[in-house]
Amino acid sequence: MNTRIDQFAHWLNEQSIDTAILTSTENVFYFSKFYSDPHERLLAIVLFPNAEPFLVCPQMEVETAKQAGFEQTIIGYSDTEDPWDKIKKEINNRTNTVHKIAIEKSHMNVERFETLLKAFPSAKFIQAEEKLNSLRMIKDADELQKLRRACELADFAIEVGVNEIKEGVTELSVVAAIEYELKKKGIEQMSFATTVLTGPKAASPHGSPDLTKIKKGDFVLFDLGVIYEGYCSDITRTIAFGDIDKENILVYETVRKAQEAAVLASKPGITCSELDLTARRVIAEAGYGEYFTHRLGHGLGISVHEYPSVTETNELVLLEGMVYTIEPGIYIPGKVGVRIEDSVAVTKNGVEVLTKYPKALQFV
Ligand code: MN
Ligand code: MN
């Protein structure tokens with residue numbers, strides 16, 4: 001058995017939970033190495049404190065799941081079969097009592113939950129996410145390798161985007177150029193919708209690219225990431241096109257100082273809160289405090305947003321193996337937006353910056 005399954009089984013034992021039925025693509029992948037979005041069909045990994053886990057997937061995906069490296073039992077079901085009948089039978093083969101079932105309460109839909117209730121009418125349902133999130137928060141060597149590669153590809157994507165900056169080119173055509181080059185490198189999917197925002201549009205942290213044309217005197221903000229073998233990267237760079245006015249350069253340099261201060265402060269033992277405040281103070285002292293409107297960063301891995309959440313109120317202590325983003329920004333509505341974001345991994349003594357595209361203000 002692999003250590004992830006062992007660690008989770010240990011928790012099930014401690015909590016006297018009889019079985020866990022996990023149905024999110026991410027957590028199924030975490031335990032089985034099988035990454036699949038089955039749409040409305042059911043995909044599940046079922047785990048036990050002392051028995052062998054099994055995977056449930058559409059019949060047509062059984063071979064792919066085996067090839068992905070899941071070595072235990074795989075139960076396939078056809079479109080005319082009810083997978084829950086098979087799940088119930090397999091569970092009853094492995095355990096005599098089903099009093100407590102762990103599920104992902106924030107993921108499972110009501111329809112499936114009602115089916116489970118019918119199958120196990122006397123069971124109590126326990127939230128599995130807290131434990132899953134804390135397991136996934138510490139990355140092993142193999143995960144770090146994948147994240148490094150995902151970040152290298154994100155650096156490359158920024159380079160492609162920067163080379164596309166020309167007078168009159170639209171935001172969406174830059175997005176298309178970036179994604180085209182990544183597809184040619186074998187990347188099927190981005191971590192999230194690639195963002196290219198120009199001029200005052202960059203002042204909206206979650207704005208969407210459209211047919212707005214890039215013009216001289218504007219910043220161009222790139223926010224993107226790729227999924228490499230199931231692991232997400234996340235990077236933001238803000239690039240100057242032509243001459244930028246002095247005030248905007250000051251905004252850029254403030255964000256860069258804040259970002260670099262938080263990178264330097266990152267190490268085991270510091271809390272998420274201290275880290276957030278390290279960057280926030282730099283921005284506040286420069287007089288832009290009210291324009292930094294979001295948390296400093298978020299964990300990333302199989303999901304592009306996962307634990308830890310780097311906020312000014314999270315007292316969680318950083319540990320070796322955690323991977324998160326550092327992404328302060330200043331957004332002055334209608335005027336200017338600057339964000340600089342790296343993905344970083346906590347090491348024994350400090351931090352490894354996984355995204356390496358330069359941060360000194362670049363003029364194109
Ligand atoms: Mn991010
Ligand atoms: Mn981002």
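**Exercise 1. Which residues are the protein donors of the manganese ion (ligand 2), and how far from it do they lie?**

Before solving it, a word on the model: it is predicted, so local features need pLDDT of at least 70 and side-chain atom pairs count only at pLDDT 80 or more, while totals for chains, interfaces and linings use all residues. Residues are numbered from 1 along each chain as its sequence is written, chains are lettered from A and ligands numbered from 1 in the order in which they are written, and side-chain values use heavy atoms, with hydrogens and water left out.

Step 1. Look for donors (N, O and S atoms within 2.8 Å of the metal, or 3.2 Å for Na, K and Ca; water is not among the atoms, so sites may look incomplete).

Step 2. Asp-223 is listed twice through OD, alongside Asp-234 (OD) and Glu-341 (OE), at 2.1 to 2.8 Å.

Step 3. Along the chain the spacing reads D-x10-D-x106-E.

**Exercise 2. Find the donors of the manganese ion (ligand 1) and the residue that bridges the two ions.**

Step 1. Asp-234 (OD), His-298 (NE2), Glu-327 (OE) and Glu-341 (OE) lie 2.1 to 2.2 Å from this ion, with the spacing D-x63-H-x28-E-x13-E.

Step 2. Asp-234 bridges the ions, which are 3.1 Å apart.

Step 3. Now place the pair on the fold, where strands are DSSP runs (E, at least two residues) and helices are H or I runs of at least four, numbered from the N terminus. Asp-234 sits in the loop between strand S10 (231–232) and strand S11 (235–240), and Glu-341 in the loop between strand S16 (336–339) and strand S17 (342–346), so the pair ties together parts 107 residues apart in sequence.

**Exercise 3. Are Asp-234 and Glu-341 buried or exposed?**

Step 1. Apply the cut-offs: buried is under 20% relative accessible area, exposed over 50%, partly exposed in between (1.4 Å probe, protein chains only).

Step 2. Asp-234 has 3% relative accessibility and Glu-341 has 0%; both are buried.

Step 3. For contrast, try Ile-138, in the loop between helix H6 (129–137) and helix H7 (141–164): at 34%, Ile-138 is partly exposed.

**Exercise 4. How many residues does helix H9 have, and which of them are buried?**

Step 1. H9 (residues 246–265) has 20 residues.

Step 2. Its buried residues include Asn-248, Val-251, Tyr-252, Val-255, Ala-258, Gln-259 and Ala-262, with Thr-254, Val-263 and Ala-265 also among them.

How values were computed: The expected span of a helix is 1.5 Å times one less than its number of residues.
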